[in-house]
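Subject: The model I promised you

Hi,

Here is the structure we talked about, ready for you to open. Have a look at it first, then read my notes underneath.

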Amino acid sequence: MRRWLSQHRAALALSVRRLLAAPFNTLLSLLAIGIALTLPAFGYVVLDNLRELGRSASGVQEISVFMEVGAARKDIAEIESRLQTLSGIRFTFVPRDEALKRLQKSEEMAEIVASLPRNPLPDAFIVEPADASPEALDVLRQELASWPKVAHAQLDSAWVKRFDAFLRLGKLTVLMLAGLFGAGLVAVTFNTIRLQVLAQAAEIEVARMIGATDAFIRRPFHYFGVLQGVLGGLVASGLIFAALHLLAGPVGELAALYGGSFVLHAPGVREIAALCAAGGILGWLGAQLSVSLSLRRFD
């Protein structure tokens with residue numbers, strides 16, 4: 001075990017020295033890998049922010065349960081008790097008087113409300129389910145509408161379905177970009193490792209003549225590919241943070257024009273770790289393919 005660990009430490013140290021031996025070439029390779037990882041990763045960040053924006057938008061994932069005008073207090077209490085038995089939802093009771101006051105505060109509706117002889121608004125519950133998929137929202141709306149003394153359960157299902165379809169299309173696009181640029185990352189690592197193998201052909205031949213195994217020869221190149229991928233992931237994370245910093249101001253101004261506020265969410269530690277891990281895996285794959293094909297020429 002100690003011998004095995006010492007061999008891996010030596011291979012890792014050799015890979016680090018090879019990276020530092022040609023800093024300019026290493027910088028260009030890391031930049032290419034970072035850009036290849038940035039585009040799909042940034043697409044994922046954008047989709048995540050759009051999903052968060054959809055959740056925070058008023059009424060997008062809410063079901064408004066309107067009681068009948070003649071509903072008594074016991075009917076409202078019964079609906080409230082039923083809602084409390086449902087799991088995965090939050091709800092708020094809006095009395096009819098409070099709803100009228102909200103309309104009176106609106107400049108567009110103030111005159112109309114003032115001309116009404118009485119309050120025509122019913123009592124209502126605002127239900128926010130945790131499962132925001134269109135199918136789950138529609139099923140819950142139908143269930144709520146069937147309850148006694150409920151006049152209507154309203155959900156903008158068309159908007160929810162359109163938004164969900166847009167997110168699914170965006171997710172598919174990001175996956176396609178990830179596959180395309182992942183293949184590009186493998187190609188970059190493949191070419192870099194191939195050039196290293198050709199430059200060290202004499203050393204590899206001597207090592208094989210004195211009994212070095214293919215695993216021993218491959219190990220430094222594998223570490224080199226993994227290090228390139230991981231460092232490329234860190235470069236991609238830096239590019240994403242820089243892009244989000246540049247977009248934060250314009251996005252905040254745009255949200256303010258619509259009377260709201262929205263802050264772009266940057267990727268967390270888990271997302272950065274996953275990006276670096278993906279880069280390391282793709283780098284290892286490129287190194288594995290390159291070394292395997294190159295060693296065949298020595299046989």
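Below is what I found, going from the overall layout to the sheet, the cores, the helices and a few single residues.

First, a reminder that this is a predicted model. The chain has ten helices and four strands. Going along the sequence, they come in the pattern α-α-β-α-β-α-α-β-α-β-α-α-α-α. Of the 299 residues in the chain, 32% are buried. If you take the contacts with a separation of 6 or more, 82% of them are between residues 24 or more positions apart.

**The sheet**

The four strands form an open sheet in the order β2-β3-β1-β4, and the pairing is antiparallel. β2 (89-94) and β4 are the edge strands; each has a single partner, so one side of each has no neighbour in the sheet. From one strand to the next, the twist averages 20°.

Here is how the pairs go, starting from the β2 side. β2 and β3 are antiparallel and joined by six bridges. Within that pair, Phe91 has Val127 of β3 as its bridge partner. β3 also pairs with β1, again antiparallel, over four bridges, and there Ser64 is partnered with Ile126 of β3. On to the other edge: β1 and β4 are antiparallel too, with four bridges between them. If you want to click on these, Val65 is bridged to Ala153 in β4, and Phe66 is bridged to His152 in β4.

How much of β1 is covered? Four of its five residues are buried, so mostly covered is a fair description.

**The cores**

In soluble globular proteins, nonpolar side chains tend to be buried together. Here the largest nonpolar core has 17 residues, and Ile63, Leu83, Val127 and Leu144 have the most contacts inside it. Which elements supply at least two residues each to this core? They are β1 (63-67), α3 (73-85), β3 (124-129), α6 (134-145) and β4 (150-154).

Leu83 is a good place to centre your view. Leaving out residues up to four places away in sequence, Leu83 touches Ile89, Phe91, Phe125, Val127, Leu144 and Trp147. Val127 turns up in both stories, as the bridge partner of Phe91 and as one of the residues with the most contacts inside the core.

There is also a second core, separate from that one, with ten residues; Leu19, Val197, Phe224 and Val291 are among them.

**The helix pair**

Two packed helices are described by the angle between their axes and the distance between the axes. For α9 (residues 214-257) and α10 (residues 269-296), the axes come within 6 Å and cross at roughly 145°. The crossing of α9 and α10 is right-handed. Sorted by class, the contact between α9 and α10 contains 15 nonpolar, ten polar and two charged residues.

**Helix α1 and its partners**

α1 covers residues 2-21, and Leu14 is in it. Leu14 is partly exposed, at a relative accessible area of 26%. How far apart are Leu14 and Tyr223 in sequence and in space? They are 209 residues apart in sequence, yet 8.8 Å apart in space from C-alpha to C-alpha.

Arg18 is in α1 as well. Is Arg18 buried or exposed? Its relative accessibility is 16%, and because the cut-off for buried is under 20%, Arg18 counts as buried. Setting aside residues up to four places away in sequence, Arg18 touches Gln196, Gln200, Pro220, Phe221 and Phe224. Phe224 is the link back to the second core, which includes that residue.

**One backbone oddity**

Finally, take a look at Lys149. It has a positive phi of about 65° although it is not a glycine. Where is Lys149 in the chain? It lies in the loop between α6 and β4. Lys149 counts as partly exposed, at 36% relative accessibility.

If you want a viewing order, I would take the sheet, then Leu83, then the helix pair, and leave Lys149 for last.

Cheers

Methods: Residues numbered from 1 in each chain as written. Predicted model: local features only at pLDDT ≥ 70, side-chain atom pairs only at ≥ 80, totals over all residues. Heavy atoms only, no water. Core = buried A, V, L, I, M, F, W, Y, C linked by side-chain atoms within 4.5 Å. Buried < 20%, exposed > 50% of the residue type's maximum accessible area, 1.4 Å probe, protein only. Contact = heavy atoms within 4.5 Å. Axes fitted to C-alpha atoms, helices over the stretch in contact; angles between N-to-C directions. Left-handed = near helix turned anticlockwise from the far one by under 90°. Nonpolar A, V, L, I, M, F, W, Y, C, P; charged D, E, K, R; others polar. Pairing = 2+ DSSP bridges.
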